[in-house]
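Good morning, and thank you for making time for this presentation. Please have the sequence and the structure open in front of you while I speak.

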Amino acid sequence: MALRRTPLLGRYDAHTHTTFSDGRNSVLENARAAEAVGLETVVIADHIFGEAPWLDEMLRQVEAADATCGVKVLAGAEGVILNPDGEVSLTEEVAERLDFILVDFGGMTKGIALDPPARQSRLIANVVSAVTKACESPLVDAIAHPLNLGRFPAVLSPVDFSAASLIEMATAFEQTGTAFEIMNQLPWWFPDHTIERITAEYADVLHLFARFGVRFVVGSDAHSCCGVGNLRWCERVMSAAGLGEEHLLDLPLAGERRKH
Ligand SMILES: [Zn+2]
């Protein structure tokens, strides 16, 4: 494929799902959708919680799509941060076969989504601990949609975090080289916020993290091929935060994980 000079925002989508987990389309359909909208790289990042019996077949389909489509297809995963100790739901054996690994807070994250402490200060401490320790994991390349805390039993908004706690997390990202995913569907996580409010609050977080040298990746979190490459909100929140291309990381090439 001839080298193009696409700007980084629009060059890749770091986060898409297929029927290997809860997406609606196949690896090939996501790859074709990515090529159709002009991306150069797309990551297949299906949910992995423990064993992934479909991993061999997924890798085979990624390889086939990569060979037949005019887009680089990377084999990734979205794992779960399990607890405030930052343990993640992927094994080393699974991780070493993948190109790009995101982890997020999900319904199974203890001390945050499950059994959250009654005191908000304790909950925030759990979040800070979980994020900083997950950043330290050699398996983790990026934290998926950080601070996605608007739909769990104990809701936290970005403004609930003090500057000191945000700086502690930003420092962990920067020092470990872990990427912060700006996810296009982040407002979905905050059904009680207007789009304007969550955009403004999240932009403030991005602005602070960028000041501390954190690098970002963009992802759609598309669960259908229709959403692959939809990064318009990413663009909007980056603009509100004063972020530019220079704050974005490109993705690693296949087989070249950034962290080992
Ligand atoms: Zn996802």
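**Strands, helices and one buried valine**

Strand β2 and strand β3, residues 72-80, run parallel and are joined by four bridges. Within this pairing, Val42 has Val73 of β3 as its bridge partner. Between the two strands the chain passes through helix α2, residues 55-68, and this β-α-β crossover from β2 to β3 is right-handed. I should say at once that we are looking at a predicted model.

Let us stay with β2 for a moment. Which way do its residues point? Thr41 and Val43 point one way from β2, residues 41-44, while Val42 and Ile44 point the other way. All four of these residues are buried. As a general remark, side chains in a regular strand alternate between the two faces of the sheet.

On the β1 side, three bridges connect β1, residues 12-16, with β2, and these two strands run parallel. Thr16 is found opposite Ile44 of β2. Here too there is a right-handed β-α-β unit, made by β1, helix α1 (residues 27-36) and β2.

With those pieces in place, I turn to the complete sheet. In what order do the strands lie? Seven strands form an open sheet, in the order β1-β2-β3-β4-β5-β6-β7, and the pairing is parallel. At the edges stand β1 and β7, residues 216-219; each has a single partner strand, so one side of each is left without a neighbour in the sheet. The partner relation at the β7 edge consists of four bridges between β6 and β7, which run parallel. In that pair, Phe180 stands opposite Phe216 of β7.

Next, the chain as a whole. The protein chain contains seven helices and seven strands. Read from the N terminus, its elements follow the pattern β-α-β-α-β-α-β-α-β-α-β-α-β-α. How does its radius of gyration agree with that of a compact globule? For 260 residues such a globule would have a radius of gyration near 18 Å, and the protein chain has 17 Å, which agrees. Along the principal axes, the C-alpha atoms fill a box of roughly 55 × 40 × 35 Å. Of the 260 residues, 47% are buried. Among contacts with a separation of 6 or more, 80% are between residues 24 or more positions apart.

I now come to two helices, beginning with α6. Helix α6 has 17 residues, 195-211, which at 1.5 Å a residue should span 24 Å; its end C-alpha atoms are 24 Å apart, so the two values agree. Which residues of α6 are buried? They are Ile198, Thr199, Tyr202, Val205, Leu206, Phe209 and Ala210. Because these residues cover an arc of only 130° around the axis, they lie on the same side of α6. The face turned away from that buried side carries the exposed residues Glu196 and Arg211. As for neighbours, the buried residues of α6 pack against α5 (163-176), β6 (179-183) and α7 (232-241). After α6 comes Gly213, with a positive phi near 85°.

Helix α7 can be described in a similar way. Its buried residues are Trp233, Cys234, Val237, Met238 and Ala241. These cover an arc of only 135° around the axis, which puts them on the same side of α7. Arg232 and Ser239, on the other side of α7, are exposed. What do the buried residues of α7 pack against? Their packing partners are β6, α6 and β7. Just after α7, Gly242 has a positive phi of about 75°.

Finally, I would like to consider a single residue, Val131, which is located in helix α4, residues 120-136. Is Val131 buried or exposed? It has 26 other C-beta atoms within 10 Å, and a residue counts as buried at 20 or more, so Val131 is buried. Leaving aside residues up to four places away in sequence, Val131 touches Ile143, Pro146, Met169 and Ala172. By contrast with those contacts, Val131 and His223 are 24 Å apart in space, C-alpha to C-alpha, and 92 residues apart in sequence.

To close, I return to the point where we began: β2 is joined to β3 by four bridges and to β1 by three, within an open sheet of seven strands. Thank you for your attention.

Terms used. Residues are numbered from 1 along each chain as its sequence is written. This is a predicted model: local features need pLDDT of at least 70, side-chain atom pairs count only at pLDDT 80 or more; totals for chains, interfaces and linings use all residues. The expected span of a helix is 1.5 Å times one less than its number of residues. A residue is buried if 20 or more other C-beta atoms lie within 10 Å of its own, exposed if 12 or fewer, and partly exposed in between; C-beta atoms are placed from the backbone. The arc is that of the directions from the helix axis to the C-beta atoms. Two residues are in contact if their C-beta atoms, placed from the backbone, lie within 7 Å. Two strands pair if DSSP finds at least two bridges between them. A crossover is right-handed if, with the strands pointing away from the viewer, the path from the first strand over the helix to the second runs clockwise. The radius of gyration is taken over C-alpha atoms; the globule rule is 2.2 Å times the number of residues to the power 0.38.
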